[in-house]
Protein chains: 2
Amino acid sequence: MEVREKLEFLSRYPDFWRHLSEEEKAFVCHNTEVINYHPGQNIHSADSECIGVLFVKSGCLRVYIMSEEGKEVTLYRVSPGEVCILSASCVLSEITFDAYVDAEEPSEAVVLNPFAFSKLIEKNIYVENFSNKMKAIRFSDVMWTMQQILFFSFDKRLAIFLYEELIKNGPIIRYSHMEIAKYLGSAREVVSRMLKYFENEGVVKVSRKEIEIIDKKKLMERL
Amino acid sequence: MEVREKLEFLSRYPDFWRHLSEEEKAFVCHNTEVINYHPGQNIHSADSECIGVLFVKSGCLRVYIMSEEGKEVTLYRVSPGEVCILSASCVLSEITFDAYVDAEEPSEAVVLNPFAFSKLIEKNIYVENFSNKMKAIRFSDVMWTMQQILFFSFDKRLAIFLYEELIKNGPIIRYSHMEIAKYLGSAREVVSRMLKYFENEGVVKVSRKEIEIIDKKKLMERL
DNA sequence: TTCTATACAGTGATTTAATCACCTGTTTAC
DNA sequence: GTAAACAGGTGATTAAATCACTGTATAGAA
């Protein structure tokens, strides 16, 4: 990616870009690189070194927490045009928990290293505010997830998941039961059993690594 | 509370106060009032009108979410010297969920009305950043709570709750089982049964609206 | 004082979901 | 071609939430 292209891309994040001086823009350019991730690749974790702020160009990232026993719960996803802020958590003093970030699909991002981001936060109040604003947006995302987990029964949550996938990518869903379990903060067996139950009800058709929604109406009745 | 006292009190919140102009400080003074709340009083909810930012002077506030069926889960508490930001959620565009705030003890707060806060956010980037920074801090608090609920078994969470109360207010805990259940996002019966189990183990002594921790060591073994 | 409504707490039964143990079939890497 | 890793299935057990009902202490009204 050449510099001109990078500038053009970053200007699509006005909250971040608009209040930078020309000098700061050049500084950002010097401290970013384009990185490609493959599906399932870990981008950020508690022990791995901190990678910085990701401006996602394509693909999809999954941000999650993990228990000591390895149980995962997905907090939210980061889509193209959005920013992954928690991958810079090493320079974010307000963030006191450990989050993990994986690529869910082949993904490309413009990555600003944490040192440069930290420098900008120190010097430019608008960058600090950008950082905190991104956190606030994700706070709301996490609250949505939390309410789902705490207040909705498992069958309803699975139905919501299937429905969202249907809207986003059509009636064929290519996730393993394990991946769905991680997304919903549940266990693989529980997902398998509920999918089989949905299949008996005629809502979906289940086969290896593929779930087909065959009755949208019946699915919507479960929301 | 006279103006001089108000100024002195608000200056203890440097993130908020430091970057205000003299004019803005006067504006804040004109748009704040001291309010007292009694234990159990609701301060903020989805339907009640938005009260604004609370700079807590004394007491303790409880911030929580509620399901449609009325089940409550406490997100965090706001102590003296801290700020309750979600009570101004009507003017916070990034906050898309409904939170509730109650006074847990007799509490006193300096309250800045939402209109004035919104005006300041528009005009002063430091105030906007203060607002977003407060949200980011509470984001971390909520993540702590979420990890407790999702990853720790109920007996451990109850032990942690009792231990925290022991450290804060001594060995006698004056909450009803219902209040503890709300705090832990559980049900009253579950709390009652686990307390009885703890009592059989010799950790606590349970009586009406009162739990006495009689063996700190045994309690700490359960953490 | 006594009555009564209400808040608080105890308990068995049931249901939901998570966990455990173990199994089969399929795909992938060497 | 074979082993290892991955995907999925199933029964048994356990944890916790929920439901339905009971008794009891306490504050306020009669």
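Student: Two strands count as paired if DSSP finds at least two bridges between them; on that basis, in what order do the strands of the open sheet in chain A come?

Tutor: This is a predicted model, and in it the open sheet of chain A has four strands in the order S2-S7-S4-S5, with antiparallel pairing. Strand S2 (42–44) and S5 of chain A each have a single partner strand and stand at the edges, so one side of each is left without a neighbour in the sheet. From one strand to the next, the twist averages 35 degrees.

Student: How many bridges join S4 and S7 there?

Tutor: Strand S4 (residues 61–66) and strand S7 (residues 100–103) of chain A pair over four bridges in the antiparallel sense, and A:Tyr64 stands opposite A:Tyr100 in S7(A).

Student: And over in chain B, which strands stand at the edges of the S1-S8-S3-S6 sheet?

Tutor: That one is an open sheet of four strands with antiparallel pairing. Its edges are strand S1 (32–37) and strand S6 (83–84) of chain B, each with a single partner strand, so one side of each lacks a neighbour in the sheet. S1(B) pairs with strand S8 (residues 107–112) of chain B over six bridges, again in the antiparallel sense, and the bridge partner of B:Asn36 in S8(B) is B:Glu108.

Student: Which helix packs on that sheet?

Tutor: Helix H1 (residues 3–10) of chain B does, touching S1, strand S3 (53–58) and S8 of chain B, and the direction of the helix makes about 90 degrees with that of S8(B).

Student: Switching to the domains: where is chain A divided?

Tutor: Chain A is divided into domain 1 (3–149) and domain 2 (152–221), and the C-alpha centres of these two domains lie 29 Å apart. Their contact takes six residues from domain 1 of chain A and five residues from domain 2 of chain A.

Student: What gives the most to the domain 1 side?

Tutor: S5(A) does, with three residues, while strand S5 (72–78) and H5 of chain A each supply at least two residues of that side. By class, the side of domain 1 that touches domain 2 in chain A has three nonpolar, two polar and one charged residues.

Student: Now the two chains together: how many residues does each give to the contact?

Tutor: The contact takes 27 residues from chain A and 27 residues from chain B. On the chain A side the largest share, 18 residues, comes from H5(A), and that side divides into 15 nonpolar, seven polar and five charged residues.

Student: At what angle do the two H5 helices pack?

Tutor: Helix H5 (residues 125–151) of chain A and helix H5 (residues 125–151) of chain B pack at an angle of about 35 degrees, and their axes are 8 Å apart. H5(A) passes H5(B) in a left-handed crossing. Among the residues that meet are A:Ile125, A:Phe139, A:Val142 and A:Met146 in H5(A), and B:Ile125, B:Phe139, B:Val142 and B:Met146 in H5(B). By class, this helix contact has twelve nonpolar, four polar and six charged residues.

Student: Last topic, the DNA: which residues come nearest to strand C?

Tutor: Of the 18 residues around DNA strand C, the nearest are A:Ser153, A:Phe154, A:Ser186, B:Ser176 and B:Ser192. Helix H6 (154–169) and helix H8 (188–200) of chain A, along with helix H7 (177–184) and helix H8 (188–200) of chain B, each supply at least two residues of the surface near that strand, with the largest share, four residues, coming from H8(B).

Student: And how does that surface divide by class?

Tutor: The surface near DNA strand C has five nonpolar, five polar and eight charged residues.

Terms used
Residues are numbered from 1 along each chain as its sequence is written. Chains are lettered from A and ligands numbered from 1 in the order in which they are written. This is a predicted model: local features need pLDDT of at least 70, side-chain atom pairs count only at pLDDT 80 or more; totals for chains, interfaces and linings use all residues. A residue is near a molecule or strand if its C-beta atom, placed from the backbone, lies within 6 Å of it. Ala, Val, Leu, Ile, Met, Phe, Trp, Tyr, Cys and Pro count as nonpolar, Asp, Glu, Lys and Arg as charged, and the others, Gly among them, as polar. Axes are lines fitted to C-alpha atoms, for helices over the stretch in contact, and angles run from 0 to 180 degrees between N-to-C directions. A crossing is left-handed if the near helix is turned anticlockwise from the far one by less than a right angle, and right-handed if clockwise. Two residues are in contact if their C-beta atoms, placed from the backbone, lie within 7 Å. Domain bounds come from an automatic or database domain assignment. Two strands pair if DSSP finds at least two bridges between them.
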